[in-house]
Protein chains: 2
Amino acid sequence: MKIGLLGAGTIGFGVYEIAEKIPDLEITKVLDRRDIPQLRGKLTQDAAEILDDPAIDAVVELLGGVEPAHSWAVRALEAGKAVVTANKLMLSENLTEMAALSRKTGGKLRFSAAVGGGIPFLFNLLRARRVDEILEVGGILNGTTNYMLDMMQRENLGFEQALKLAQQAGYAEQDPTADVSGGDAKCKIHLSAALAWNGMPDKHDILCEGITSITKQDMEALNKKGYACKLLARAARQDGGISCYVEPTAVPARSVTGNIALVENMAFWRGANAGLQRFTGAGAGRYATAYAVVNDLVDLMRHNDAFPFLAEETPLPIDNAAAAHPYLVRGMEVPGAVEIGDGLLLTGEMPVLEMHAMVASARARGEKVFFAGVCEEQEL
Amino acid sequence: MKIGLLGAGTIGFGVYEIAEKIPDLEITKVLDRRDIPQLRGKLTQDAAEILDDPAIDAVVELLGGVEPAHSWAVRALEAGKAVVTANKLMLSENLTEMAALSRKTGGKLRFSAAVGGGIPFLFNLLRARRVDEILEVGGILNGTTNYMLDMMQRENLGFEQALKLAQQAGYAEQDPTADVSGGDAKCKIHLSAALAWNGMPDKHDILCEGITSITKQDMEALNKKGYACKLLARAARQDGGISCYVEPTAVPARSVTGNIALVENMAFWRGANAGLQRFTGAGAGRYATAYAVVNDLVDLMRHNDAFPFLAEETPLPIDNAAAAHPYLVRGMEVPGAVEIGDGLLLTGEMPVLEMHAMVASARARGEKVFFAGVCEEQEL
């Protein structure tokens with residue numbers, strides 16, 4: 001199989017190195033602005049040389065960002081080429097179009113690496129869907145925020161200190177907004193939900209709270225009560241649709257989820273037959289992500305199925321009033337909530353929609369609020 | 001695809017129920033001694049009616065035990081039928097023959113459910129192997145012993161009490177030997193290692209210590225030192241072969257592995273590219289195991305690959321002198337070991353082979369020894 005590579009950065013070059021060792025996978029052209037000695041003879045600065053080359057069977061898109069990644073992926077699919085990408089933002093922003101193209105081209109679009117990096121999560125979710133009813137899907141889907149929360153907890157740091165550490169370690173961007181706002185996790189739960197239930201959730205209806213409000217004191221308070229704090233993305237089947245949200249979540253310090261460390265990711269799905277299945281692994285990094293990309297290429301080459309992305313277009317309305325759990329809250333009044341010390345309130349079971357709305361109102365009034373869902377391990 | 005089912009017990013009937021809902025999977029005949037109302041018209045008491053029926057494409061073997069499961073699986077494969085089984089004991093006892101048959105029949109033998117129950121572990125291990133070098137493989141592969149150890153730790157019970165609980169809950173057999181001796185986990189690491197490295201390890205060289213020696217006092221001592229005790233099976237690539245063993249292992253109480261609860265399983269592999277990948281889920285149970293069996297059937301029906309079991313016959317010698325780590329020991333002298341209180345010694349890094357040999361000698365002298373490997377989370 002002849003492959004054109006769009007972008008030979010961290011992951012792209014890793015894909016090149018791994019693919020080189022696989023018989024019958026041949027990267028023939030690479031788009032990159034730089035002169036990369038190992039890639040001489042393959043390099044081009046003109047995407048058309050890849051997209052319009054009839055000899056190229058598959059395009060690997062690792063440019064990141066929405067454009068030109070999106071236009072080029074569309075062009076490649078329309079030209080009958082397969083496309084493998086790790087670009088969750090591009091996919092999530094253009095889900096309806098990409099799903100239609102995926103249907104039209106018979107599943108030639110694959111993106112295992114878009115959720116969970118090296119974890120074969122989406123692949124297994126789709127494989128599971130063939131023989132099981134998916135009830136819930138989600139996880140710790142962003143390594144940067146997990147690293148920061150883990151550092152805050154272990155080293156007793158504040159948010160800014162943890163961010164600086166993450167930046168120094170190369171885990172956080174200079175502008176960390178996409179990670180710390182929960183935006184990256186939101187893209188990933190969007191894609192996961194679409195695949196789990198073969199439908200089209202509206203991204204704007206996903207409620208999303210990042211980790212920017214948690215203070216050193218909040219973390220200490222959670223610690224004292226036996227909790228770890230994790231940024232969880234979750235979607236669950238509800239009557240007539242799904243719930244879908246991202247929020248900081250207090251989980252028992254002695255639990256699997258509470259011990260996902262550093263930049264590791266954990267992705268889970270719960271099936272009616274299989275029960276709770278969790279996958280942990282490197283959510284990012286050159287070789288782990290590249291590994292997932294190359295595995296998609298091998299599946300394409302061997303005509304394996306199990307990426308039947310959105311075979312039919314089904315609406316999948318999001319209703320976050322249907323999901324409810326207790327919350328820990330600081331900095332805002334909540335009727336009926338109980339003070340548990342250290343400035344924290346514990347609420348009763350509350351709809352996710354109601355809590356996020358209350359917090360938005362309080363913040364509009366200038367209140368500085370932190371909140372975290374409470375999740376006992378057995379629920380997850 | 002027309003399917004004959006050998007055995008409609010707990011898992012077999014689950015397979016029937018799940019497969020019934022999958023288009024193009026049709027269970028046409030079922031071998032079972034009992035009269036099962038839902039299966040009337042399909043039932044037979046004569047295996048030949050399934051094995052000799054040219055209309056049957058695939059045989060699902062869920063009888064358990066070595067014979068007649070083994071003979072019938074061989075007969076089905078030789079007749080050109082596909083075989084799906086969850087029978088780790090049968091496979092492990094006949095690995096060379098089954099591997100040769102698998103080669104001969106082009107991968108028509110599948111057994112995802114044989115390790116980890118509902119966890120798609122072997123399937124993903126084989127998929128990983130296509131593009132990664134597997135460095136290590138293993139996990140908590142026996143739910144019965146995990147339940148017992150978890151109960152001993154949480155409820156402060158002794159071995160016998162924990163066993164009684166497990167038997168009452170239906171997790172342990174009346175004769176629990178296969179589980180508590182580590183024999184079941186040994187079969188599973190045997191199969192996992194064969195698949196990870198595409199070779200043939202000699203089962204007799206796998207060192208195996210079960211959980212029968214751990215006392216309430218040992219568990220309390222481990223607890224006090226911040227450890228949980230898990231029965232871990234591990235195999236790792238070594239120069240010229242592999243290490244491969246099963247033994248109780250002290251892991252940090254605050255770690256992913258230390259928090260695998262009740263009958264849950266955790267299976268892991270570590271790859272040169274992908275790093276550490278862990279899968280957790282139900283290691284047993286009707287629907288979880290049946291789910292894995294039916295997923296194998298769907299892969300067979302769709303001619304998906306990724307079960308290239310033992311494409312070549314390669315010797316895979318086991319050398320447990322090549323793996324080393326510290327041990328916690330009670331009831332035996334170990335030169336150079338340090339007393340750490342509560343009757344426990346902490347040894348330096350010791351070859352696994354040496355420790356298991358020392359314990360065997362001490363027991364031959366009548367000493368009552370408990371020992372556990374020490375594993376920090378980052379090593380796993």
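The following paragraphs lead through a predicted model of two chains, A and B, from the sheet within each chain to the contact between them.

The account begins with chain A. Six strands of this chain form an open sheet with parallel pairing, and their order across the sheet is S3-S2-S1-S4-S5-S6. Strand S3 (43-44) and strand S6 (109-110) of chain A occupy the edges; each has a single partner strand, so one side of each is left without a neighbour in the sheet. At the S3 end, strand S2 (residues 26-31) of chain A is joined to S3(A) by 2 bridges, and the two strands run parallel. Within this pairing, A:Val30 has A:Leu43 of S3(A) as its bridge partner.

Chain B also has an open sheet of 6 strands, which is parallel in its pairing and ordered S3-S2-S1-S4-S5-S6. Its edge strands are strand S3 (43-44) and strand S6 (109-110) of chain B, each of which pairs on one side only. Inside this sheet, strand S1 (residues 2-6) of chain B and S4(B) run parallel and are joined by 4 bridges. One position in S4(B) that can be located readily is B:Glu61, which stands opposite B:Leu6.

The loop that follows strand S4 holds a feature of the backbone. In chain A, the peptide bond between A:Glu67 and A:Pro68 is cis, with omega at about 5°. A:Pro68 belongs to the loop between strand S4 (58-61) and helix H3 (69-78) of chain A. In chain B, a cis peptide bond joins B:Glu67 to B:Pro68, again with an omega of about 5°. The loop that contains B:Pro68 runs between strand S4 (58-61) and helix H3 (69-78) of chain B. Another backbone feature is found at B:Asn198, which is not a glycine but has a positive phi of about 55°. B:Asn198 is placed in the loop between helix H10 (183-197) and strand S8 (207-208) of chain B.

Charged side chains supply a further set of links. Side chains of opposite charge can pair when their charged atoms come close. Over all chains, the structure holds 42 salt bridges. One of them joins A:Arg270 to A:Glu136, with 3.4 Å between the closest N and O atoms. A:Arg270 lies in strand S11 (residues 264-271) of chain A, whereas A:Glu136 lies in strand S7 (residues 134-140) of chain A; the pair therefore ties together parts that are 134 residues apart in sequence.

Attention now turns to the contact between the chains. Chain A and chain B each contribute 43 residues to the contact. Between them the two chains bury about 3600 Å², of which 45% is on carbon and sulfur atoms. Across this interface there are 8 salt bridges, among them the pairing of the side chains of A:Asp296 and B:Arg127, with an N to O distance of 3.7 Å. The count of residue pairs in polar contact between chain B and chain A is 19.

On the side of chain B that touches chain A, helix H6 (121-129), strand S11 (264-271), strand S12 (275-282) and helix H12 (286-301) of chain B each supply at least two residues. H12(B) gives the largest share of that side, with 8 residues. By class, the residues of this side of chain B comprise 20 nonpolar, 13 polar and 10 charged.

Strand pairing also crosses the interface. Strand S12 (residues 275-282) of chain A and S12(B) run antiparallel and are joined by 3 bridges. In this pairing, A:Phe279 has B:Phe279 as its bridge partner.

How are the two copies related in space? Two copies of a chain are related by a rotation about an axis and a shift along it. Here, a turn of 180° and a shift of 0.0 Å along the axis lay chain B on chain A with an RMSD of 0.0 Å. The two copies are thus related as by a two-fold rotation axis. The same surface serves both copies, as 100% of the contact residues of chain B recur in chain A.

Conventions: Residues are numbered from 1 along each chain as its sequence is written. Chains are lettered from A and ligands numbered from 1 in the order in which they are written. This is a predicted model: local features need pLDDT of at least 70, side-chain atom pairs count only at pLDDT 80 or more; totals for chains, interfaces and linings use all residues. Side-chain values use heavy atoms; hydrogens and water are left out. Contact means heavy atoms within 4.5 Å. Buried area is the accessible area (1.4 Å probe) that two parts lose on being put together, summed over both. A salt bridge is a side-chain nitrogen of Lys or Arg within 4 Å of a carboxyl oxygen of Asp or Glu. A polar contact is a pair of N or O atoms within 3.5 Å; within protein, one must be able to donate a hydrogen and the other to accept it, and residues adjacent in sequence count only if both atoms are side-chain atoms. Ala, Val, Leu, Ile, Met, Phe, Trp, Tyr, Cys and Pro count as nonpolar, Asp, Glu, Lys and Arg as charged, and the others, Gly among them, as polar. Two strands pair if DSSP finds at least two bridges between them. Copies are superposed by least squares on the C-alpha atoms of residues with pLDDT of at least 70 in both.
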